[in-house]
Amino acid sequence: LFSGPIEFLKSAPGLQFLPSPDAPEIAFAGRSNVGKSSLINALTNRNKLARASNTPGRTQELNFFDVGNPLVFRLVDMPGYGFAEAPKDMVKRWRFLINDYLRGRQVLKRTLVLVDGRHGLKDVDRDVMTMLDKAAVSYNLVITKADKVKPTELEKRLDAIRTESAKHPACHPVLYPTSSETGDGIAELRTAVLEAART
Ligand code: GTP
Ligand code: MG
């Protein structure tokens with residue numbers, strides 16, 4: 001499926017602009033600049049499907065991508081959270097958009113919560129995880145930028161994250177370390193996404 005047709009469908013700046021809920025959705029959440037858009041490009045093997053950038057706050061709306069023709073499921077790129085330098089009202093608007101979408105979307109099959117391998121879990125991540133627990137929305141943690149961390153350090157960080165995430169009821173126990181840069185872990189995550197979209 002990931003090597004077949006994949007197309008940008010639409011951007012939704014607010015909940016009233018969401019596409020009709022006619023296919024399963026997989027959402028990508030995480031702090032600003034963690035690598036959400038880059039991961040979508042790596043998974044789909046396209047360079048510029050989702051717009052990635054060095055500047056935090058690049059993705060400002062919910063962006064929907066159709067996978068398969070006929071449509072099988074959708075990938076949803078989201079604005080980042082925890083972006084301290086952005087204007088306050090913008091941050092607030094994004095938080096409401098993200099939270100409302102994640103809590104209320106019937107066709108949402110799985111959320112991937114991305115965590116920068118260099119930084120580990122931050123309080124904003126914990127807040128989102130707790131929100132997803134309460135809403136019973138199942139999610140996986142995905143480590144990004146694994147290429148930027150020494151292997152021994154990465155293993156320690158993964159262990160710490162596994163221990164902590166075990167306390168979150170809606171969090172799946174499998175943790176995916178990835179690098180959109182080197183492609184490490186991308187094939188494994190692809191398999192997990194396909195499985196989640198089909199259940
Ligand atoms: P916002 O849309 O602003 O919330 O950011 P985002 O989470 O979509 O991050 P994006 O994909 O735009 O990537 C941010 C920066 O991190 C870009 O400069 C990417 O090239 C870089 N980046 C993303 N993934 C990786 C990775 O696996 N390894 C390395 N080394 N850099 C990465
Ligand atoms: Mg982005």
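Modeller: In this predicted model, a helix is a DSSP run of H or I with at least four residues, a strand is a run of E with at least two, and both are numbered from the N terminus.

Biologist: With that wording in hand, which helix gives the largest share of the shell around ligand 1?

Modeller: Helix α1, residues 36-44, does, with three residues of that shell. There are 24 residues around ligand 1, and those that come nearest are Gly35, Ser38, Ala52, Thr59 and Gly80.

Biologist: How do the residues of this shell divide into nonpolar, polar and charged?

Modeller: Four are nonpolar, 14 are polar and six are charged, where Gly counts among the polar residues.

Biologist: Just before α1 there is Val34; why does Val34 count as buried?

Modeller: The cut-off is 20 or more other C-beta atoms within 10 Å, and Val34 has 27 such neighbours, so it counts as buried. Val34 lies in the loop between β2 and α1, and, with residues up to four places away in sequence left out, it touches Gly80, Leu114, Val115, Asp116 and Thr144. Its C-alpha atom and that of Tyr81 are separated by 9.8 Å, although the two residues are 47 apart along the chain.

Biologist: Asn33 is placed in the loop between β2 and α1 as well; what makes its phi worth a remark?

Modeller: The phi of Asn33 is positive, about 75 degrees, although Asn33 is not a glycine. Asn33 has 21 other C-beta atoms within 10 Å, and because the cut-off is 20 or more, it is buried.

Biologist: Where else is a positive phi found at a residue that is not a glycine?

Modeller: Lys145 has one, of about 55 degrees, and its place is in the loop between β6 (139-144) and α4 (151-165). Set against the cut-off of 20, its 22 C-beta neighbours inside 10 Å mean that Lys145 counts as buried.

Biologist: What makes the peptide bond from Asn69 to Pro70 cis?

Modeller: Its omega is near 5 degrees. Pro70 itself is found in the loop between β3 and β4 (73-77).

Biologist: Which residues touch the most other members of the largest nonpolar core?

Modeller: Of its 43 residues, they are Ala27, Phe28, Leu112, Val113 and Leu114. Strand β5, residues 108-116, gives the most to this core, with five residues. Ala27, for its part, touches Val76, Met78, Leu102, Leu108, Thr111 and Leu112, not counting residues up to four places away in sequence.

Biologist: How do you know that the span of α2 is close to the expected one?

Modeller: Helix α2, residues 88-104, has 17 residues, and the distance from its first C-alpha to its last is 24 Å, set against the 24 Å expected at 1.5 Å a residue. The buried residues of α2 are Trp94, Tyr101 and Leu102. Seen down the axis they fall within an arc of 95 degrees, so they line one face of the helix. Among the elements that cover them are β2 (25-30), β3 (62-67), β5 and α3 (123-135), whereas Lys88, Asp89, Lys92, Phe96 and Gly104 are exposed on the other side of α2.

Biologist: Why are the buried residues of α4 put on the same side of that helix?

Modeller: Those residues are Arg157, Ile161 and Ser165. They cover an arc of only 65 degrees around the axis, which puts them on the same side of α4. An α-helix has 3.6 residues a turn, so residues three or four places apart point the same way. What covers the buried residues of α4 includes β5 and β6, and on the other side Thr152, Glu155, Asp159, Ala160 and Thr163 are exposed. The end C-alpha atoms of α4 are 21 Å apart, which agrees with the 21 Å that its 15 residues should span at 1.5 Å a residue.

Biologist: What makes Lys167 exposed and His172 partly exposed?

Modeller: Exposed requires 12 or fewer other C-beta atoms within 10 Å, and Lys167 has 9, so it is exposed. His172 has 15, which lies between the cut-offs of 12 and 20 and is therefore partly exposed. Lys167 lies in the loop between α4 and β7, and His172 is also found in the loop between α4 and β7 (176-177). Leaving aside neighbours within four places in sequence, His172 is in contact with Ser138, Tyr139 and Asn140.

Definitions and conventions. Residues numbered from 1 in each chain as written. Chains lettered and ligands numbered in written order. Predicted model: local features only at pLDDT ≥ 70, side-chain atom pairs only at ≥ 80, totals over all residues. Near = placed C-beta within 6 Å. Core = buried A, V, L, I, M, F, W, Y, C linked by C-beta atoms within 7 Å. Contact = placed C-beta atoms within 7 Å. Expected span 1.5 Å × (residues − 1). Arc of directions from axis to C-beta.
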